[in-house]
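Biologist: I am new to this one, so could you walk me through it and show how each label is earned?

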Amino acid sequence: MERSNLVKWLFVGLAIFLFIQFGQPLLFGSSADKLQPLDVNDSTAPAERAPAEACVIDGDRFRAELSTRGGSVRHLWMTDPKYTTGNGERRPMDLVTTSLESRMPLRTDLRLPGGSAAQVPFDDLDWKLSAQDGKSCTFTYTDDATRLTKVIAATGRPFELSLQLTVENTGQEPRKHRLALEQTAWRTQKETEGHLGLISEWITETVAATDQKTERQHPDAFEPDDFKDKEFTSERWRRTPGAARFVAVSSSYFSKIAIPQEGPAAPVAETQIEEIWNTASFPQKSKDPAHGHVYRARLAYPEHELAPGGAVTYKVLSFTGPKERDVLGAVGHGTSEVINLGWFSPIAKLLVSYLYVLYRAVGSWGWAICLLTITVRLLLFPLSIQQIKSAAAMRKLKPEMDEINARYKDDAAQRGLAMQELWRKNKVANPVVGCFPMLLQMPVWFALYTALQTAVELYHTPFGPVIPDLSAPGKYFIIPIVLGASSFIQQKLMPPQGDPAQQKMMMYLMPGIFTVMMLFLPAGLGVYMLTNTWLGIGQQVLVERYLKARDQRAGGIEVREVASAEPQSALKKAPGDDDKSAPALGKGKARVRG
């Protein structure tokens, strides 16, 4: 495919994307400002509340604070130096982002939805802190018919908490309960928006993994009309078929996961994303700077009835931390699936595994990316060499291609036929065929792009003096400038195609696009793209030199003078063609044949 045509299709794709994003809502309107059939204040609590007490757990690589209000997690700070936040003084990052009591992580909801003979009277219970030792917190709740014991403890592994809940019926009649336990996150719309290819580190999704399938949901799956779909329950939760393996709320680099371990029956996996904005002050949500979403993923156990004196125990494992591959591998239960590697995940997983091997060998994620890029480039060299050979052949035919372009400048169809004949006579592959090797490489490039964009190992990881963070743009725009210059050199080495205006556009447009993109993309991707561009330049120069030397050794290059009486092209004129305007190759012009 000619590069000029490729650019045209890129512009067409960009126009379609901009229309979908901005033009379609303006022309056809949008249902985005309709309200979801949800009530944020859907929980109940006693009229008089006991004072809240806090309990702190110091675990491996984290510190958690829990509250007697709901017995839920109020803060979870990661204690590794790299997981910090703040523009000035750096402080540990807190992964708990919700504030409403009924939306806190690891809150246990026991009330039946509209049922009778409920085991507990309220959703938000006031627990009593019965014991704490720095590694665990024991909460209890009692009333006339119920005794609850909830123990949350560090497991000794990174970012893990175990939860054990025992429900006892101390009343004189059978009582029913339904346990639902969730992980949550709150993010504003602005926080989750990306820019020019940069995926926001806080773009968030819900994950529901069962023994049948794994579903990932974004806010667009919870538009107001979507709640009528068959996947939604009467409580307006989206249920994934099968028994739950785990549920999670996951951003680019971090995840909150709940894994069922023990109970009277297997739970189901349900998700819900609530859209929040100040409807009173901002009828249009796009005008509200605080417009955002509450992401919820929960384990919902079947309704369970306890006879008088009966008891039941539930056990759940919680992980709240960075999506480090080796840590998630230790958690097990398939939780590595929270790392979303897109359509080409099998290739991306292989590349990331190899990146780990390289990191262990060299001790630097930056140099590991360089070595990974070199390896991928070498593996794909058999495909790349066909493109380079085609480019070299095109360069040799440039004088005759220029002649055809000038001769048939006003007849695109005839110009195409003439080019086809020229390529056929010189045994040069059609440029369209030359695109196939590039297309075969695309899954690898997309997989590598996704892998580097979601690798928390690069988060806040420096590489050299101008890259303080491989997951963020580098300093002083050095990488974009160098990449743009390198892309310009690469374009100069490519054989010109199309008319002079198209050639000039390609010469400056592609480097300009790369430069602008890298102003916003993570530096880790810049290291990959820069290494890949330099390798491409090196490959092209070396292969073209080899082909030139081979032709010289074979005596395949012949320079001869073309007399003015000779035909002007390798193609003969069609009978009746009396066009006298085509420029002749006058005496003294050289034609090179391979």
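Modeller: Happy to; we will take the labels in turn and check each against its cut-off. Please keep in mind that this is a predicted model.

Biologist: What does the secondary structure of the protein come to?

Modeller: The protein has 12 helices and 23 strands. Buried residues make up 44% of its 594 residues.

Biologist: Why is Tyr253 called buried?

Modeller: Its relative accessible area is 4%. Buried means under 20%, so Tyr253 is buried.

Biologist: And what makes Tyr459 buried?

Modeller: The reasoning runs along the same path. Tyr459 has a relative accessible area of 2%, and the limit is under 20%, so Tyr459 counts as buried.

Biologist: Why are Tyr253 and Tyr459 called an aromatic pair, and why tilted?

Modeller: Their ring centres are 5.1 Å apart, and rings pair if their centres lie within 6.5 Å. The angle between the planes is 55°; under 30 degrees would be stacked and over 60 edge-to-face, so this pair is tilted.

Biologist: What does the pair tie together?

Modeller: Tyr253 lies in the loop between strands E16 and E17, and Tyr459 in the loop between helices H9 and H10, so the pair links parts that are 206 residues apart in sequence. Tyr253 and Tyr459 also belong to one aromatic cluster with Tyr83, Trp202 and Phe254.

Biologist: Where else does Phe254 appear?

Modeller: Phe254 and Leu161 are the residues with the most contacts inside the largest nonpolar core, which has 104 residues. Among the residues that Phe254 touches are Met78, Met93, Leu95 and Val249. A second, separate core has 10 residues, including Leu397 and Met419.

Biologist: How do you know that Phe227 and Phe232 form a tilted pair?

Modeller: Their rings are 4.8 Å centre to centre, with 45° between the planes. The distance is within 6.5 Å, and the angle is neither under 30 nor over 60 degrees, so the pair is tilted. Both residues are buried, and the structure holds 16 aromatic pairs.

Biologist: What makes you say that Arg298 lies over the face of Trp237?

Modeller: Arg298 is 4.1 Å from the ring centre, and the distance limit is within 6 Å. The direction counts too: the charge must be within 35 degrees of the ring normal. Lys150 likewise lies over the face of Trp127, at 5.6 Å from the ring centre.

Biologist: Which residues of helix H7 are buried?

Modeller: They are Glu400, Met401, Glu403, Ile404 and Arg407. These cover an arc of only 155° around the axis, which puts them on the same side of H7.

Technical notes
Residues are numbered from 1 along each chain as its sequence is written. This is a predicted model: local features need pLDDT of at least 70, side-chain atom pairs count only at pLDDT 80 or more; totals for chains, interfaces and linings use all residues. Side-chain values use heavy atoms; hydrogens and water are left out. A nonpolar core is a set of buried Ala, Val, Leu, Ile, Met, Phe, Trp, Tyr and Cys residues joined through side-chain atoms within 4.5 Å. Buried means under 20% relative accessible area, exposed over 50%, partly exposed in between (1.4 Å probe, protein chains only). Contact means heavy atoms within 4.5 Å. Helices (H or I, at least four residues) and strands (E, at least two) are DSSP runs, numbered from the N terminus. The arc is that of the directions from the helix axis to the C-beta atoms. Rings of Phe, Tyr and Trp (its six-membered ring) pair if their centres lie within 6.5 Å; planes under 30 degrees apart count as stacked, over 60 as edge-to-face and the rest as tilted. Lists of a residue's contacts leave out its neighbours within four places in sequence.
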